[in-house]
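Q: Could you walk me through this structure, one feature at a time? I would like to learn how to read each one.

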Amino acid sequence: MIKNFGVLYVGSVIDGDNIGFDGPMPFDRRYPPERLMSAFDEALTLAQLSERLGFSTFWMAEHHYQHEGFECIPNIPLLSLWLAQHTKDIKFGCGFNVLPTWHPIRLAEDYAVVDKLTNGRLIFGVGRGYHERELVGMNPQTVGLVDDDRRALFEEQVEILVKAFAEESWSHHGRFYDLPPAGATHRFRPVEELTLVPRPNHPVDIWQPTTSGNPRGVEFMARNGIKGMIAGMPTPFAGKFATIYQEANRKVGRDLELGENLAVGFRCYLADTEEQAREALRPIYDEYSKFGAPLGVNPFSKELIALHESNGDTVPGNARIMSFDEVLESGAWFAGTAEQFVDRVGTLQDELPGLEHVLINLHIPASHRENREQVERIGRDVLPHFGSVPVAAGVGA
């Protein structure tokens with residue numbers, strides 16, 4: 001049964017600035033430092049609003065180098081520590097730490113410090129990353145790696161994190177990391193094991209996004225007890241992935257109810273009528289497509305292909321092509337009334353009886369006013385139908 005609703009803010013400062021197909025291409029946007037840093041102030045506004053309305057978790061995403069203004073939070077634990085000082089109970093979700101941009105021990109230490117200083121209000125999450133610029137710009141190990149090798153790097157980093165969180169002393173000798181390295185000494189004695197200082201005060205739940213249901217990835221999640229987040233995917237995908245995930249966990253001796261240890265995210269826009277919601281969402285969707293389609297996180301449309309061609313930009317031959325109406329029909333995005341959204345979430349709850357967590361993805365290029373209004377509308381008109389209580393997903397939940 002759904003118990004927890006969260007809000008995801010990825011740090012956008014576009015604020016509805018000239019969005020849609022008539023606006024600039026993403027790479028032409030460049031904002032001054034004060035505009036980029038305004039993401040922190042907006043995070044505080046939204047976190048306080050979300051807490052007041054009964055949302056359990058305020059999730060944020062980590063990204064780097066985005067002068068374009070789409071995703072401007074480079075360090076979730078650090079920002080969460082500040083937000084926790086200005087809120088009471090709401091938890092803060094790492095959705096997600098882009099693991100290849102970190103040394104895993106540096107991330108583990110930072111998480112443990114914030115876990116202690118916020119009394120367990122930070123929820124840990126990891127992702128592989130999908131921006132080539134930030135991966136190669138932060139970690140030379142990723143340069144030239146094919147996808148399978150990047151997955152291997154990510155998985156090895158997760159294995160190190162699991163050891164560091166769970167074991168008092170440990171070592172790791174793999175393809176990408178040799179910890180401690182052979183020949184290391186400390187006070188004239190050989191170093192054979194390491195200890196994370198500090199270690200977290202609370203049990204650590206690890207969350208990870210999923211977009212493909214790749215068997216290798218699902219099996220890895222099950223082996224390491226990782227929880228999964230499904231966001232912005234067509235409606236049937238949630239049920240299919242939940243079944244695969246349940247079976248993978250069963251094979252490692254963990255019996256889960258269908259939907260248990262998962263969260264489902266919605267890209268939704270609510271208004272008084274469906275027509276009003278669709279009209280308001282369309283320019284937001286078109287701008288997101290300009291941002292996300294070249295990165296593989298949203299389909300192209302015929303209009304977007306024409307725009308790319310007019311600018312002399314390449315469109316992959318295997319690109320997914322869907323119209324705005326087709327995307328709404330698929331359930332990957334939602335536009336409608338609160339009553340219609342309650343029905344959509346209620347149907348999901350019936351299909352996945354073990355599901356406890358739902359996430360509301362705030363729209364990246366939308367205005368701050370619109371995103372705040374969406375949080376208020378959902379908090380007022382949707383959450384009461386599901387008995388949402390302020391108990392967060394993740395650590396200690």
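Q: Where is Pro198 found?
A: This is a predicted model. To place a residue, look for the elements on either side. Pro198 is in the loop between strand S9 (189-190) and strand S10 (206-210).

Q: What kind of peptide bond runs from Val197 to Pro198?
A: Look at omega. For this bond omega is near 0°, and the bond is cis.

Q: Which residues does the other cis peptide bond, with omega of about -10°, join?
A: That cis bond joins Leu179 and Pro180. Pro180 sits in the loop between strand S7 (178-179) and strand S8 (185-186).

Q: Let us turn to phi. What is the value for Asp15?
A: Read the sign, then check the residue type. Phi of Asp15 is near 55°, so to speak of sign, positive, and Asp15 is a residue other than glycine. Asp15 lies in the loop between strand S1 (4-9) and helix H1 (33-53).

Q: Is Asp15 buried, partly exposed or exposed, and why?
A: Use the relative accessible area. Partly exposed covers the range between 20% and 50%. Asp15 has 34% relative accessibility, so it counts as partly exposed.

Q: What is the phi of Phe188?
A: Phi of Phe188 is about 70°. That is a positive value, although Phe188 is not a glycine. Its place is the loop between S8 and S9.

Q: Is Phe188 buried or exposed?
A: Exposed means over 50% relative accessible area. Phe188 has 85%, so it is exposed.

Q: Where does His103 lie?
A: His103 is in the loop between strand S4 (97-98) and helix H3 (104-117). Its relative accessibility is 36%, so His103 counts as partly exposed.

Q: Which residues is His103 in contact with, leaving aside neighbours within four places in sequence?
A: A contact list shows what the fold brings together. For His103 the partners are Tyr177 and Leu179. Leu179 is also one of the two residues in the cis bond with Pro180.

Q: How far apart are His103 and Leu307?
A: Give two answers, one for sequence and one for space. His103 and Leu307 are 204 residues apart in sequence. From C-alpha to C-alpha they are 39 Å apart in space.

Q: How many disulfides does the structure hold?
A: A disulfide is a covalent bond between the sulfur atoms of two cysteines. The structure holds zero.

Q: Why is there no bond from the sulfur of Cys94 to the closest cysteine sulfur?
A: Compare the distance with the cut-off. The two sulfur atoms must be within 2.5 Å. The closest cysteine sulfur to that of Cys94 is in Cys72, and it is 18 Å away, too far for a bond.

Q: Is Cys94 buried or exposed?
A: Buried means under 20% relative accessible area. Cys94 has 0%, so it is buried. Cys268 counts as buried too, at 2%.

Q: Now the whole chain. How many helices and strands does the protein chain have?
A: Count the elements. The protein chain has 12 helices and 14 strands. Its radius of gyration is 21 Å, close to the 21 Å that the globule rule gives for 397 residues, so the chain is as compact as a globular protein of that length.

Q: What box do the C-alpha atoms of the protein chain fill?
A: Take the box along the principal axes. It is roughly 70 × 50 × 40 Å.

Q: What share of the residues of the protein chain count as buried?
A: Of the 397 residues, 54% count as buried. The accessible surface comes to about 17500 Å², and 51% of it belongs to carbon and sulfur atoms.

Q: How far apart are the mean positions of the positive and negative charges?
A: Average each kind of charge, then compare the two positions. The protein chain has 37 positive and 55 negative charges, and their mean positions are 4 Å apart.

Notes
Residues are numbered from 1 along each chain as its sequence is written. This is a predicted model: local features need pLDDT of at least 70, side-chain atom pairs count only at pLDDT 80 or more; totals for chains, interfaces and linings use all residues. Side-chain values use heavy atoms; hydrogens and water are left out. Helices (H or I, at least four residues) and strands (E, at least two) are DSSP runs, numbered from the N terminus. Buried means under 20% relative accessible area, exposed over 50%, partly exposed in between (1.4 Å probe, protein chains only). Contact means heavy atoms within 4.5 Å. The radius of gyration is taken over C-alpha atoms; the globule rule is 2.2 Å times the number of residues to the power 0.38. Accessible areas come from the Shrake-Rupley method with a 1.4 Å probe; for residues, only the protein chains shown count as cover. Lys and Arg count as positive and Asp and Glu as negative; His and the chain ends are not counted. The place of a charge is taken as NZ of Lys, CZ of Arg, CG of Asp or CD of Glu.
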